[in-house]
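Colleague: I am new to this one. Could you take me through the terms and show what each rests on?

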Amino acid sequence: MDTGKCPRDANKMLFTLESEKLSNGVARVSLVLKCPVCNYRVVVERLEASRDKDGNILIRRFFTEPKPA
Ligand SMILES: [Zn+2]
């Protein structure tokens, strides 16, 4: 997977972490590749952490496959 350059303008893309709290108590963290010039973004990986009824932390892991431009 080539993650180095923006497919739109060939600028160097940067890794950023974005976290958000969902309304059902799930914390979602996304690893995003972002172009600082045109704001093109690709979600590389996504984690969701939640607690079950016994208080155990459950982590689900999602991968996304960027499509070629
Ligand atoms: Zn760009």
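Modeller: We will go through the fold, the sheet, the zinc site and exposure in turn.

Modeller: Keep in mind that this is a predicted model.

Colleague: What does the secondary structure of the chain come to?

Modeller: There are four strands and zero helices. From the N terminus on, the order of elements is β-β-β-β.

Colleague: What makes E1 and E2 a pair of strands?

Modeller: Pairing takes at least two bridges. E1 and E2 are joined by eight bridges, so they count as paired. They run antiparallel. One contact point is leucine 17, whose bridge partner in E2 is leucine 31.

Colleague: What lies between E1 and E2 in their hairpin?

Modeller: Five residues. Glycine 25, in that turn, has a positive phi of about 90 degrees.

Colleague: How do you know that E2 and E3 pair?

Modeller: The cut-off is again at least two bridges. E2 and E3 have eight, so they pair, in the antiparallel sense. Leucine 31 stands opposite glutamate 45 in E3. Serine 30 faces arginine 46 of E3. This hairpin has six residues between its strands, and asparagine 39 in the turn has a positive phi of about 65 degrees.

Colleague: What is the order of the strands in the open sheet?

Modeller: The order is E1-E2-E3-E4, with antiparallel pairing.

Colleague: Why are E1 and E4 called edge strands?

Modeller: E1 and strand E4 (57-63) each pair on one side only. The twist from one strand to the next averages 15 degrees.

Colleague: Now the metal. Why are the listed atoms called donors of the zinc ion?

Modeller: For zinc, a donor is an N, O or S atom within 2.8 Å of the metal. The protein atoms here lie 2.3 to 2.5 Å from the zinc ion, so they qualify. They come from Cys6 (SG), Asp9 (OD, listed twice), Cys35 (SG) and Cys38 (SG). In sequence, the donor residues are spaced C-x2-D-x25-C-x2-C.

Colleague: What parts does the pair of aspartate 9 and cysteine 38 tie together?

Modeller: Aspartate 9 is in the segment before strand E1 (14-21). Cysteine 38 is in the loop between strand E2 (27-34) and strand E3 (41-51). The pair therefore ties together parts 29 residues apart in sequence.

Colleague: Why is aspartate 9 called partly exposed?

Modeller: Buried means under 20% relative accessible area, and exposed means over 50%. Aspartate 9 has 30%, so it is partly exposed. Cysteine 38, at 27%, also counts as partly exposed.

Colleague: What about phenylalanine 15: where is it found?

Modeller: In strand E1.

Colleague: How do you know which exposure class phenylalanine 15 belongs to?

Modeller: Its relative accessibility is 49%. Exposed needs over 50%, so phenylalanine 15 counts as partly exposed. Between phenylalanine 15 and valine 43 there are 9.7 Å in space, C-alpha to C-alpha, and the two are 28 residues apart in sequence.

Colleague: And for the chain, how many residues are there, and what share counts as buried?

Modeller: The chain has 69 residues, and 19% of them count as buried. Its accessible surface comes to about 5400 Å², and carbon and sulfur atoms hold 52% of that.

Colleague: What share of contacts between residues at least 6 apart join residues at least 24 apart?

Modeller: That share is 21%.

Technical notes: Residues are numbered from 1 along each chain as its sequence is written. This is a predicted model: local features need pLDDT of at least 70, side-chain atom pairs count only at pLDDT 80 or more; totals for chains, interfaces and linings use all residues. Side-chain values use heavy atoms; hydrogens and water are left out. Donors are N, O and S atoms within 2.8 Å of the metal (3.2 Å for Na, K and Ca); water is not among the atoms, so sites may look incomplete. Helices (H or I, at least four residues) and strands (E, at least two) are DSSP runs, numbered from the N terminus. Buried means under 20% relative accessible area, exposed over 50%, partly exposed in between (1.4 Å probe, protein chains only). Axes are lines fitted to C-alpha atoms, for helices over the stretch in contact, and angles run from 0 to 180 degrees between N-to-C directions. Contact means heavy atoms within 4.5 Å. Accessible areas come from the Shrake-Rupley method with a 1.4 Å probe; for residues, only the protein chains shown count as cover.
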